[in-house]
Amino acid sequence: MRFGRVIAATALCLMFVAPGWCRAPRRFMEAEAEGAALHYVGNVPIAILSGTPDEIGRQHAALMSEQARVVLTVPRRFAAEFGVEFLWPVMTAAGSMLMQNAPRSHSAELAALAEAGKLDAGELAVGNTLLELRRVGCSALIVDAERSAEDGPLFGRNFDFPALGVLDQYSVVLIVRPNNRRAFASVTFPGAIGVFSGMNDAGLAVATLDVYRSADGSLKFDAAGVPLAMVFRRILEECATVAEAEALLQSVKATTWMNLAVCDPESSAVFEITPKSTARRDSTEGLLACTNHFRTSEKAVDSNCWRYPRLCSISPSARLTIDDVQDRLHSANQGELTLQTMVFQPRQLTLHLALGSPPTSDDALQRIDLAPLFAPVPVVAR
């Protein structure tokens, strides 16, 4: 009886002390393979990939091909949810066509992932161009250094997307260290090589936010553009500042409408992207909020969004902590759609992250120090 009571008490304690642990079973195996490694920090799986595009693709497959196979069922199920599964062949053809516009290194990495993991190339193409094929909502709040109670700016973000009973269980942090490019962290899913949310070794952080309407007369979709998730990955691989990110965005042709929130250790901006042009929106009184509308005069159509004023509901004199940013993100959560909540600290190269059952916005944030993960693996003399 006493032993039974101990077991019951322990279970009850775990229910209250570690609810995230109880409801978020580990879907990834800690392992080393092909020169890569996957381990956990708290309940957050972190996969570290390095080398050439072919090597990174093979490492991705070695560590996460089974999980990627599950995640890659989501786009087709998503099409079925909206009654357009009959368009699946068109979607795979469109995804494959768009990937032809991506940088050669990214195409090579995706091909290596498909071959080594025995994954369907069409499903991979759709999964990596989903930003162009479907839009959903997200929220972001950037706190500039002068309004931060921490050392330097804070960049908070909710990633919102239908989980379909899958995605909330398969979030992963990829640490990618490409040869001759910047190392970066991407908060993503297995099988995805582009970037939706991430930060690089210079402390440059980005987050995508979908947009539904534009006043600039641009096409909603331009098949001649570069898949935006790959453009945003290029920013993390090649840029160190917001200014450099802006220059890169201005140099490529976009596929569709999108907000990109960007923050480095000293500055921030939201870039309003269409196939026609890219406009910049800067912070006001040290704060910069973003949801799913364009707000510059040349692109805004209807900027009404219930989440935006909640993100901005901050005393003019307040200096914000990480907890304050998370509180604003929680006020803007979208329930079952909010799959990831994060706060980047660009100066510290630190990520605070909640994953698991939605909404994640009120879950405890796991601190992840990225600097040691970005460092190259030392060569051991033999």
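**Exercise 1. Determine the strand order of the open six-stranded sheet and identify what stands at its edges.**

Solution. Step 1: in this predicted model, the six strands (E runs of at least two residues in DSSP, numbered from the N terminus) follow the order 13-4-5-14-15-16. Their pairing is antiparallel, where two strands pair if DSSP finds at least two bridges between them.

Step 2: strand 13 (287–290) and strand 16 (366–369) each have a single partner strand, so one side of each lacks a neighbour in the sheet.

Step 3: on average, neighbouring strands are turned by 15° against each other, direction ignored (axes are lines fitted to C-alpha atoms).

Residues are numbered from 1 along each chain as its sequence is written. Local features require pLDDT of at least 70, side-chain atom pairs count only at pLDDT 80 or more, totals for chains, interfaces and linings use all residues, and side-chain values use heavy atoms, leaving out hydrogens and water.

**Exercise 2. Describe how strand 15 and strand 16 pair.**

Solution. Step 1: strand 15 (residues 350–355) joins strand 16 through four bridges in the antiparallel sense.

Step 2: threonine 350 has aspartate 369 of strand 16 as its bridge partner.

**Exercise 3. Explain why the buried residues of helix 4 line one face.**

Solution. Step 1: in helix 4 (residues 74–81), Val74, Pro75, Phe78 and Ala79 are buried (under 20% relative accessible area, 1.4 Å probe, protein chains only). A helix here is a DSSP run of H or I with at least four residues.

Step 2: viewed down the helix axis, these buried residues fall within an arc of 145°, so they line one face; the arc is that of the directions from the axis to the C-beta atoms.

Methods: Buried means under 20% relative accessible area, exposed over 50%, partly exposed in between (1.4 Å probe, protein chains only). Axes are lines fitted to C-alpha atoms, for helices over the stretch in contact, and angles run from 0 to 180 degrees between N-to-C directions.
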